[in-house]
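Q: Could you walk me through reading surface exposure and aromatic contacts in a protein model?

A: Sure, let's put the model up and take the features in turn.

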Amino acid sequence: MTTIYLTTADSSPWTPPADWTNGANTIEVIAAGGSGRDSTGASGGGGGGAYAVATNITIVVTAVFSVGVGGSAGANGGDTWFNGATVSTASAGAKGGSG
């Protein structure tokens, strides 16, 4: 089994390696955490990013993914997803934490 980490905070097409098997794979995604500070500089705990897992994903040619970035100054963390256009339409999608 090969482990591949997609950590770029951007959306990119991903081409599966030659040993990719549509019927035997696991995709795990973790979203970014929210900011622990508000816009005035007051601090608190930001919400943690969600986790999601999907198995046996079929990829025909490429898959689009997005890795969310952490929230700053009261902002929410970014969503992370794999094989879809948005977190809600992806094969595996996780919402970012609240700021």
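Q: Let's start at valine 53: what does its relative accessibility say about exposure?

A: Keep in mind that this is a predicted model. The partly exposed class runs between 20% and 50% relative accessible area. Valine 53 comes out at 47%, so it counts as partly exposed. You'll find valine 53 in strand 3, residues 51-55.

Q: Which residues form a nonpolar patch on the surface?

A: Val53 is in it, along with Ile30 and Tyr51. Together they have about 320 Å² of accessible area.

Q: OK, now the rings. How is a pair of aromatic rings described?

A: You use two numbers: the distance of the centres and the angle of the planes. Here the count is 2 aromatic pairs. In one of them, tryptophan 14 and tryptophan 20 have ring centres 5.4 Å apart and planes at 75°; that angle is over 60 degrees, so the pair is edge-to-face.

Tryptophan 14 also pairs with phenylalanine 82, again edge-to-face, at 5.5 Å centre to centre and 65° between the planes.

Q: Where do tryptophan 14 and phenylalanine 82 lie?

A: Tryptophan 14 is in strand 1 (residues 11-14) and phenylalanine 82 is in strand 5 (residues 80-82), so their pair ties together parts 68 residues apart in sequence. Trp14, Trp20 and Phe82 form one aromatic cluster.

Q: Is tryptophan 14 buried or exposed, and what about phenylalanine 82?

A: Buried means under 20% relative accessible area. Tryptophan 14 has 11%, so it is buried. Phenylalanine 82, at 5%, counts as buried too.

Note on methods
Residues numbered from 1 in each chain as written. Predicted model: local features only at pLDDT ≥ 70, side-chain atom pairs only at ≥ 80, totals over all residues. Heavy atoms only, no water. Phe/Tyr/Trp six-rings, centres within 6.5 Å; stacked < 30°, edge-to-face > 60°. Buried < 20%, exposed > 50% of the residue type's maximum accessible area, 1.4 Å probe, protein only. Helix = DSSP H or I, 4+ residues; strand = E, 2+ residues; numbered from the N terminus. Patch = residues over 30% accessible without salt bridge, like charges linked within 9 Å, V, L, I, M, F, W, Y side chains within 5 Å. Areas by Shrake-Rupley, 256 points an atom, 1.4 Å probe, with all protein chains shown as cover. Salt bridge = Lys/Arg side-chain N within 4 Å of Asp/Glu carboxyl O.
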